[in-house]
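User: Hi! Could you walk me through this one? I'd like to start with how the inside is packed.
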Amino acid sequence: MRLNLSEIDRVKTITKEDFIKNYFKPQKPLVIEAFIKDWPAYSKWNLEYIKQVAGDKVVPLYDDRPVDFKDGFNEPHAKMKMSDYVDLLKREPTKFRIFLWNILKEVPVLQKDFKFPDFGLRLMKGLPMLFFGGTNSHTFMHYDIDLANIFHFHFEGKKEVILFDQKQNKHLYKIPYSLIVREDIDFSKPDFNKWPALKQAKGYKTNLEHGQILYMPEGYWHYMKYITPGFSMSLRAITRKPKNLSKAIYNVLVMRVIDNLMRRIKGQKWIDWKNKKAILKTNKENKI
């Protein structure tokens, strides 16, 4: 048995009007295959080019180890020069990933290779972020703290993507006071005997290749697995729904504060309680 996943719609390109009408307003994900062929980045951006322009930068690396109470918010697990990291990606599979790497701050020259597209949404121009990963590395299933609309531009290699909207929360074993689900769920090959509620979840899937754009609507859960080494850039637009905006404010000002405080007070007992609570709550809501 597999997850109940529908293929994400695909178009070669799209007008602003059609995007707003058919995807933004109904909050449906979309893959746009040929929108950025006129960008210099389309022909220039690959791992070797990144090594050339940013090889001396020391980058933060993250892997798929379980959350530990001692870990700070977005605290890296290791650091490495970008040139060494690219060599590692090309040499062998690695769990190390880079995420939320601000190219305007770190490598301003890269901004000359792309432009901010007009999809009818106001993009946050100070926050273009890069994400890198090696073969078989993956993110935990999560959603972003600000519930933004995200445009994810993929470069080099192939990436597997699985999405769920917020209506699926009760089936996903969501961790309380957190933006992730149980970290021991393999969404590529889920164990339904261990995680039976996942059988009720309805989501989306696709694979991304060089030059393709994925639109992820507000607050969508996303799991991404690098089939081959590669990297992507995300541009984001602030959430437009009042309910999601209030939830984003709560996440930043309340939820994250409570979680950090309880980590300091309870330590690993807090993390263990949250993991157990995710199972108990999900089983109860799904009458398992």
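User: Which residues touch the most other members of the largest nonpolar core?
Analyst: Keep in mind that this is a predicted model. The largest nonpolar core has 41 residues, and Phe 19, Trp 45, Met 82, Trp 101, Phe 132 and Met 233 touch the most other members.

User: Let's take Met 233. What is Met 233 in contact with, leaving aside neighbours within four places in sequence?
Analyst: Quite a list! Aromatic names first: Trp 39, Trp 45, Phe 114, Phe 151, Phe 153 and Phe 155. Met 233 is also in contact with Ile 103, Pro 128, Met 129, Leu 130 and His 152.

User: And what does the second, separate core include?
Analyst: That core has 23 residues, including Leu 3, Ile 185, Leu 198 and Trp 221.

User: Back to Met 233 for a second. Which residue stands opposite Met 233?
Analyst: Phe 153 does, with Met 233 sitting in E13. Strand E8 (residues 149-155) pairs with strand E13 (residues 230-237) over seven bridges, in the antiparallel sense.

User: Nice. What is the strand order in the sheet with E8 and E13?
Analyst: That open sheet has seven strands, ordered E2-E3-E11-E8-E13-E7-E6, and its pairing is mixed. Strand E2 (9-11) and strand E6 (97-102) are the edge strands, each pairing on one side only. From one strand to the next, the twist averages 20°.

User: Which strands does helix H1 lie across?
Analyst: Helix H1 (residues 16-24) lies across E2, strand E3 (30-32), E8 and strand E11 (213-216). Relative to E11, H1 runs at about 50°.

User: Now the four-stranded sheet. Which strands stand at its edges?
Analyst: The order there is E1-E10-E9-E12, again an open sheet with mixed pairing. Strand E1 (4-7) and strand E12 (221-226) are at the edges with a single partner strand each, so one side of each has no neighbour in the sheet. Neighbouring strands are turned by 25° against each other on average, direction ignored.

User: How many bridges join E9 and E10?
Analyst: Five, in the antiparallel sense, between strand E9 (residues 159-164) and strand E10 (residues 202-208). Ile 162 stands opposite Lys 205 in E10.

User: Last topic, helices. At what angle do the axes of H6 and H7 cross?
Analyst: Helix H6 (residues 242-266) and helix H7 (residues 268-285) cross at roughly 120°, their axes coming within 6 Å. That is why H6 and H7 count as oblique to each other.

User: Which residues make the contact?
Analyst: From H6, Asp 259, Met 262, Arg 263 and Lys 266; from H7, Gln 268, Lys 269, Trp 270, Ile 271 and Lys 274. By class, that contact has five charged, three nonpolar and one polar residue.

Technical notes. Residues are numbered from 1 along each chain as its sequence is written. This is a predicted model: local features need pLDDT of at least 70, side-chain atom pairs count only at pLDDT 80 or more; totals for chains, interfaces and linings use all residues. Side-chain values use heavy atoms; hydrogens and water are left out. Axes are lines fitted to C-alpha atoms, for helices over the stretch in contact, and angles run from 0 to 180 degrees between N-to-C directions. Helices (H or I, at least four residues) and strands (E, at least two) are DSSP runs, numbered from the N terminus. Angles under 35 degrees count as roughly parallel, over 145 as roughly antiparallel, 65 to 115 as roughly perpendicular and the rest as oblique. Contact means heavy atoms within 4.5 Å. Ala, Val, Leu, Ile, Met, Phe, Trp, Tyr, Cys and Pro count as nonpolar, Asp, Glu, Lys and Arg as charged, and the others, Gly among them, as polar. A nonpolar core is a set of buried Ala, Val, Leu, Ile, Met, Phe, Trp, Tyr and Cys residues joined through side-chain atoms within 4.5 Å. Buried means under 20% relative accessible area, exposed over 50%, partly exposed in between (1.4 Å probe, protein chains only). Two strands pair if DSSP finds at least two bridges between them.
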